[in-house]
Amino acid sequence: MSTQQQEPEQPESQEAPEDPEMRGAESPVDEREKAGGDIDQTTADRSELEGETILIKVFRYDPEVADKQEPRFDEFHVPFEKGMTVLDAVMYARDNYDSSLTFRHSCRQAVCGSDAFFVNGKQRLGCKTQMADLEHPVRIEPLPHQEVVKDLVVDMDHFYDQMHTVEPYFQSEDTPDASDLEEQRQSRENREKVKMSTRCIWCGACMSSCNIAAGDNEYLGPAAINKAYRFAMDDREDADIKEHRLRILEQEHGVWRCQTQFSCTEVCPKDIPLTEHIQELKREAVKKNLKFW
Amino acid sequence: MSQSYNRGLIEDFGRWKEFSAGMWAWIFHKFTGWMLIGYLFTHIAVLSSALTGPEAYTNTIQGLESLFIVRVLEVGLLAVAVFHILNGLRLLMVDLGVGLDAQDKSFYASLVLTAIITIASVPTFMDGVTL
């Protein structure tokens, strides 16, 4: 929901919006999250929150402003409304209290992957996390293990470098003849196999949650390995390209750095079974190198 | 880009209350692994008393076993070894890609089994020792 154009004095008008598009809190995804216990904290009683304000504590840092060079937390009281997400809350704070509050966001529907924050001690996607599901006050910080550029904005260069290391694009020597208008088809079974891995939105939450990636800057990280899985498991690529991909992955700082903490799988906002994919690539790497003669 | 701020290992140890099952399993597995390596050295030290003769070995063992603290440590050693074995089996299943959805449950199961086996072993280990 957009809070940009609304006046803060009319929270009542936001109850039960007519437009079905606005009923964010009633989407099946949210129901599933609640049923599956995905949110591991004790949640505030929803009825208590109606018409109230929520306290958010936001990490502030700006190297160019004298009194923000030392990182600190700023507190904002944001009027709660049904369906409010963490992103809505920080947007409200920015629009109404402090226009210098800086964070990345774009699509606001968990597709662009810009707004991964460290909310109450867990990497979450700001636009996909309901304020009502969180413990209060809500503490919002930039992603850990990445350099903070300003406020909630972290330097993603290293993450993107690791993503590009695995050559995240389809490569095939023998593409079908374009003059025949022939399609390069993938079998349904193969599509099912790579389906979850294609959902990655490059938000960097997994990489930030990974202890190994924090201690080893050369480790590819869960997101990059998942990206490699998406192409290595694609049947349309030739065997020699798959071997080339596995050669990248089986290096010292590739798949073997994973110690199956499941941290990445816990935080992934798109529910990608990252650990499962990393483990499968480990088995592929072993199979490739195991010789009994 | 101008200057940026490195927050260091911000979430790592101070936030232990927010660790998930897989994280605890990893920490316990590392910890028990180091404990077992440490035990191996004392084990070799005790065994090598047999080099000076059978009596020396018997005396060493009897002397150690008469100590209350050694009996307590033996219970601890069993707990450490049992957890390491059970979690090792869990990790084996994870490596084989079996039951990854239930990895947290298998961790809790290995904790509970460790506790049961450890408690059940107490009468045996503590038999005939006084403070």
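In this predicted model, the stretch of chain A from residue 56 to residue 160 is 14% helix and 29% strand, and its end C-alpha atoms lie 30 Å apart. Residues 56–160 of chain A are also the span to which an unreviewed UniProt entry assigns the annotation "domain: Succinate dehydogenase/fumarate reductase N-terminal".

The domain assignment divides chain A along other bounds, with domain 1 taking residues 22–153 and domain 2 being made up of 157–171 together with 187–289. Where these two parts meet, 14 residues of domain 1 of chain A are in contact with eleven residues of domain 2 of chain A. On the domain 1 side, strand β4 (residues 122–125) of chain A supplies the largest share, four residues, and the residues of that side comprise seven nonpolar, four polar and three charged.

The interior of the model can be followed through its largest nonpolar core, which holds 65 residues and in which Ala89(A) and Ile140(A) touch the most other members. At least three residues of this core come from each of domain 1 and domain 2 of chain A. Leaving aside residues up to four places away in sequence, Ala89(A) touches Ile54(A), Ile56(A), Val78(A), Met84(A) and Met131(A).

Turning to chain B, an unreviewed UniProt entry places the annotation "transmembrane region" on residues 21–46, 66–86 and 107–126. Residues 21–46 of chain B are 100% helix and 0% strand, with end C-alpha atoms 37 Å apart, while residues 107–126 of chain B are 95% helix and 0% strand, with a distance of 28 Å between the end C-alpha atoms.

Terms used. Residues are numbered from 1 along each chain as its sequence is written. Chains are lettered from A and ligands numbered from 1 in the order in which they are written. This is a predicted model: local features need pLDDT of at least 70, side-chain atom pairs count only at pLDDT 80 or more; totals for chains, interfaces and linings use all residues. Domain bounds come from an automatic or database domain assignment. Two residues are in contact if their C-beta atoms, placed from the backbone, lie within 7 Å. Helices (H or I, at least four residues) and strands (E, at least two) are DSSP runs, numbered from the N terminus. Ala, Val, Leu, Ile, Met, Phe, Trp, Tyr, Cys and Pro count as nonpolar, Asp, Glu, Lys and Arg as charged, and the others, Gly among them, as polar. UniProt positions are given in the numbering used here, feature names are shortened, and annotations may be inferred rather than shown by experiment. A nonpolar core is a set of buried Ala, Val, Leu, Ile, Met, Phe, Trp, Tyr and Cys residues joined through C-beta atoms within 7 Å. A residue is buried if 20 or more other C-beta atoms lie within 10 Å of its own, exposed if 12 or fewer, and partly exposed in between; C-beta atoms are placed from the backbone.
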